[in-house]
Amino acid sequence: MKIAEFIKKLEYIATLPTTYYSIAGGEWAKWNGRSWNFDCVILIKAILWGWNESKNHVHGGAIYGSNQVYDDSADTIINRCKEVSSNFKNIQVGELLWMEGHVGIYVGNGQVIECTAAWESKVLYSKIDSAGNRSRNGIYVGKWIKHGKLPYLIYDNIPNSDNSNTAKTNVITYQAYTNCWLPEVNKCDNTEDGFAGNGNQIISGFRCKLNNGELIYETHLLGANWIGAVSSKNYKKNDMQKIHSYAGIYGYAMDGIRIKSTSGNVKYRVKTKQDGWLPWAMGFGSKGNLFAGVYGHAIIGIQVKMES
């Protein structure tokens, strides 16, 4: 399997509801009615065995032992890897990361996709530094010990992550609607064009996109509900006609937004008349910092950025 295809499937799974499931019996890679069951190494093997999100198949479409992929544990799969090293300064996109009892996949720009019970029990993005330290949202849990190339993947022409155009990958463009679509914003700071909004005008529409990857976003109407997520794939600057090119309903104030990314951790916050700028949110939920906003307080400003 080519690296690009493998990473794309990993990134896609990271957008789905998943559960870290300490695999026992035949429940691996299975849809449990609410989420997909994975553990750290099953996540990798299931993709290589052909997982295709089939809820009608006991293992999501994965065929045990197929494609000449061995049923290794987290502690034995590293032994099949090539060019194994403990120097994390030369790690390449798609390489397996290993620590005792656990594995993940390096996806570039200092980020790892792994299924873990650390932080949250699911498939998620974490960070790695040049010493192998493992963190998420500034909370450090453990340290990667080795990395290496899986024998099942084609690594040809994959650049070293440190030279993989991080700046271009991390650019988010976003736009807000008050009584018209305001100018696009592609930065996030305290300058006049460092946020989406116009004074105290209430925002009723919002759209955003990522240079390399997909954003899923949704708005909550003041006094009502979350009204359905849209994809950045349908982003169209200033468009007034296509309902899936933006989130919101023209003329109806929003009091919450939530955003998630297929290519890393996205952070966002909003401003209201009552509260000013609220704390940064990261996630895609309806409580705590899994959304940005205060129910009942109309949004007048929005900022979005990739976690640095």
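Cys81 is buried in this predicted model, with a relative accessible area of 10%. It counts as buried because the cut-off is under 20% relative accessible area. If you were hoping for a sulfur bridge here, there isn't one: a search of the whole structure turns up zero disulfides. Cys81 is in no disulfide, and its nearest cysteine sulfur, that of Cys40, is 13 Å away. Cys40 is in no disulfide either, with the nearest cysteine sulfur, that of Cys115, lying 7.5 Å away. A pair would have to sit within 2.5 Å to count, so neither of those distances qualifies.

**Helix H2 and what follows**

Cys40 is itself buried, at 7% relative accessibility, and it belongs to helix H2. How many of the residues of H2 are buried? Nine of the nine residues in H2 (residues 40-48) are, so the helix is mostly covered going by the under 20% cut-off. Among them are Val41, Ile42, Leu43 and Ile44, together with Ala46, Ile47 and Leu48.

The N-terminal end of H2 is capped by Asp39, which places a side-chain oxygen 3.3 Å from the backbone nitrogen of Val41.

Lys45 is the residue to click on next. It sits in helix H2 and is buried, with a relative accessible area of 4%. What does the side chain of Lys45 reach? The backbone oxygen of Asp72, at 2.7 Å.

Just after H2 comes Gly50, with a positive phi of about 100°. Gly50 is in the loop between H2 and strand E3 (82-85). At 29% relative accessibility, Gly50 counts as partly exposed. Gly50 also has a partner from further along the chain: Asn67 is 17 residues away in sequence, while the two C-alpha atoms are 8.3 Å apart in space.

Another pair with a separation of 17 residues along the chain is Gln111 and Ile128, whose C-alpha atoms are 6.0 Å apart. Gln111 lies in strand E6 (residues 111-116), and at 9% relative accessibility it counts as buried.

Here are the relative accessibilities quoted so far, side by side.

| Residue | Relative accessibility | Class |
|---|---|---|
| Lys45 | 4% | buried |
| Cys40 | 7% | buried |
| Gln111 | 9% | buried |
| Cys81 | 10% | buried |
| Gly50 | 29% | partly exposed |

**Strands and their partners**

Now for the strands. Strands of a sheet pair through backbone hydrogen bonds, either parallel or antiparallel.

Strand E21 (residues 299-306) is largely enclosed by the rest of the structure, because seven of its eight residues are buried. Which strands pair with E21? Strand E12 (residues 196-197) does so in the antiparallel sense, over two bridges, and within that pairing Ala196 stands opposite Ile302. Strand E18 (residues 266-272) also pairs with E21 in the antiparallel sense, over seven bridges. There, Val266 stands opposite Met306.

Elsewhere, an open sheet of four strands runs in the order E15-E14-E17-E20, with antiparallel pairing. Which strands form its edges? Strand E15 (230-231) and strand E20 (292-293), each of which pairs on one side only. At the E15 end, two bridges join it to strand E14 (residues 215-221), and the two run antiparallel. One position to look at is Tyr217, whose bridge partner in E15 is Val230.

**The second largest pocket**

Strand E17 of that sheet turns up again in the lining of the second largest pocket. This pocket has a volume of about 470 Å³. It is lined by 21 residues, and Ala14, Lys122, Lys260, Gly283 and Phe284 are the ones nearest its centre. The elements that give two or more residues to the lining are strand E7 (122-128) and strand E17 (254-261).

Which element provides the largest share of the lining? That is E7, with four residues. As for chemistry, the lining divides into eleven nonpolar residues, six polar and four charged. If you plan to look at the pocket on screen, Lys122 and Lys260 are two of the residues nearest its centre.

Key: Residues are numbered from 1 along each chain as its sequence is written. This is a predicted model: local features need pLDDT of at least 70, side-chain atom pairs count only at pLDDT 80 or more; totals for chains, interfaces and linings use all residues. Side-chain values use heavy atoms; hydrogens and water are left out. On a 1 Å grid over the protein atoms alone, a cavity is a set of points where a 1.4 Å probe fits but cannot get out, and a pocket is an open set with protein on both sides within 12 Å along at least five of seven lines; lining residues have an atom within 4 Å of a point. Grid points are joined across faces, edges and corners, and a volume is the space filled by probe spheres set on the points. Ala, Val, Leu, Ile, Met, Phe, Trp, Tyr, Cys and Pro count as nonpolar, Asp, Glu, Lys and Arg as charged, and the others, Gly among them, as polar. Buried means under 20% relative accessible area, exposed over 50%, partly exposed in between (1.4 Å probe, protein chains only). A polar contact is a pair of N or O atoms within 3.5 Å; within protein, one must be able to donate a hydrogen and the other to accept it, and residues adjacent in sequence count only if both atoms are side-chain atoms. Two strands pair if DSSP finds at least two bridges between them.
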